[in-house]
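Welcome, and please open your viewer with a selection box ready. We will go from stop to stop, choosing residues and looking at what surrounds them.

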Amino acid sequence: MGRREALAVLLAVVLAAAAAPGEADAAKGKAKGKYRALFNFGDSLADAGNLIANGVPDILATARLPYGQTYFGKPTGRCSDGRLVVDHLAQEFGLPLLPPSKANHSDFRYGANFAITGATALDTPYFEARGLGAVVWNSGALMTQIQWFRDLKPFFCNSTKEECKEFYANSLFVVGEFGGNDYNAPLFAGKGLTEAYKFMPDVIQGISDGVEELIAEGAVDLIVPGVMPTGCFPVYLNMLDMPAHEYGARSGCIRQYNTFSWVHNAHLKKALEKLRPKYPNVRIIYGDYYTPVVQFMLQPEKFG
């Protein structure tokens, strides 16, 4: 198991414990059979091959080894050396690995993975209006992925309306994480955190709107993960040259960027709290990606 997959295992355990009846049940394997299907939406952290479904660009590193080498033995379009969080989640619930939604002739009886590399919570025009059209690589924003879901609905369930309602009510919807690529746009453009903070209310609203759209489509159980600690990302650690005091003494992560991610997650939790009274028969769960990643950074040897 490689490092990226080890992290995926850790995050999947967190989500499975949240979605299962109880953490003890998940640990004992009782989560198997809880859901009839799994539907996943997200970006490169969850893309299982949608980006390469219509051909592999020569410049795409994820289409070459070492990607995919530790589990599949070949690249699959996943941005990992092995499985993703959603792969482990599917296996935890006794479901097959989800096919990418764009893969032709796939078996969608147990759900689909709509995630695609570069995805954002907000649509491309939002970034273009702010002069960031050249730096955002949006191949399928959240609302676009939800439309892909609508388009494939006949392949998931073609029974009666009531039977399909029951099918979706007994399925798990994983919405994200979203936000990372939205914030990358101003940060990669050199605009800094001050500008990125201005995006936050719109990003949070975009995620909240997406959750409501999926509820309208029949979702009853949803997990909405927050973002990981941005200050621990190698891309920012290499891109930024900060004073020594800006780095965590133990983690080596950039403090103010981790704070930014923490603030996003705090706002996301509040947004989900506002939705719960509005939909009393729907379970909306916040998925904590932040804490496990920090643990992984502080004690990598504990996780192999």
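A definition to start with: buried means under 20% relative accessible area, exposed means over 50%, and partly exposed is in between (1.4 Å probe, protein chains only). This is a predicted model, in which local features need pLDDT of at least 70, side-chain atom pairs count only at pLDDT 80 or more, and totals for chains, interfaces and linings use all residues. Residues are numbered from 1 along each chain as its sequence is written, and side-chain values use heavy atoms, with hydrogens and water left out.

**Stop 1: salt bridges**

Select K198 and E195. K198 is exposed, with a relative accessible area of 54%, while E195 counts as partly exposed at 25%. The two form a salt bridge whose closest N and O atoms are 3.4 Å apart; the term stands for a side-chain nitrogen of Lys or Arg within 4 Å of a carboxyl oxygen of Asp or Glu. Because they are three residues apart in helix α8 (residues 192-216), about one helical turn separates K198 from E195. Helices (H or I, at least four residues) and strands (E, at least two) are DSSP runs, numbered from the N terminus.

How many salt bridges does a search of the whole structure find? There are eight. For another one, select D221 and R283, where the closest N and O atoms are 3.0 Å apart. D221 belongs to strand β4 (residues 221-225) and R283 to strand β5 (residues 283-287), so this pair ties together parts that are 62 residues apart in sequence. D221 counts as buried at 9% relative accessibility, whereas R283 is partly exposed at 31%. Next, highlight R150, K153, E213 and E217, which are joined into one network by salt bridges that share partners.

**Stop 2: D47 and its surroundings**

Now centre on D47, in the loop between β1 (37-41) and α3 (85-92). Which side chain of opposite charge is nearest to D47? R78 is, at 8.0 Å, and D47 is buried yet has no salt bridge. In that statement Lys and Arg count as positive and Asp and Glu as negative, while His and the chain ends are not counted. R78 has a salt bridge with D87 (2.8 Å, N to O), and both R78 and D87 are buried.

Look for the polar partners of D47 instead. Its side chain makes a polar contact of 2.9 Å with the side chain of T117, and a polar atom of the D47 side chain lies 2.8 Å from the backbone nitrogen of G49. A polar contact is a pair of N or O atoms within 3.5 Å; within protein, one must be able to donate a hydrogen and the other to accept it, and residues adjacent in sequence count only if both atoms are side-chain atoms.

**Stop 3: aromatic rings**

Show the rings of F149 and F173. They form an edge-to-face pair, 5.7 Å centre to centre with 75 degrees between the planes. Rings of Phe, Tyr and Trp (its six-membered ring) pair if their centres lie within 6.5 Å; planes under 30 degrees apart count as stacked, over 60 as edge-to-face and the rest as tilted. F149 sits in helix α5 (residues 142-156) and F173 in strand β3 (residues 171-175), 24 residues apart. Both F149 and F173 are buried.

Widen the selection to F39, F41, F108, F114, F149, F156, F167, Y168 and F173, a cluster linked by ring pairs. The structure holds 24 aromatic pairs. Within the cluster, F108 is buried at 7% relative accessible area, and its place is the loop between α3 and β2 (111-113).

Two charges are worth a look as well. K102 lies over the face of W148, 4.1 Å from the ring centre, and R130 lies over the face of Y126, at 3.6 Å. The rule here is that NZ of Lys or CZ of Arg is within 6 Å of the ring centre and within 35 degrees of the ring normal.

**Stop 4: backbone details**

Select L65 and P66: the peptide bond from L65 to P66 is cis, with omega near 15 degrees. The bond from G176 to E177 is also cis, with omega near 25 degrees. Finish at H105, a residue other than glycine with a positive phi, near 60 degrees. H105 is exposed, with a relative accessible area of 86%.
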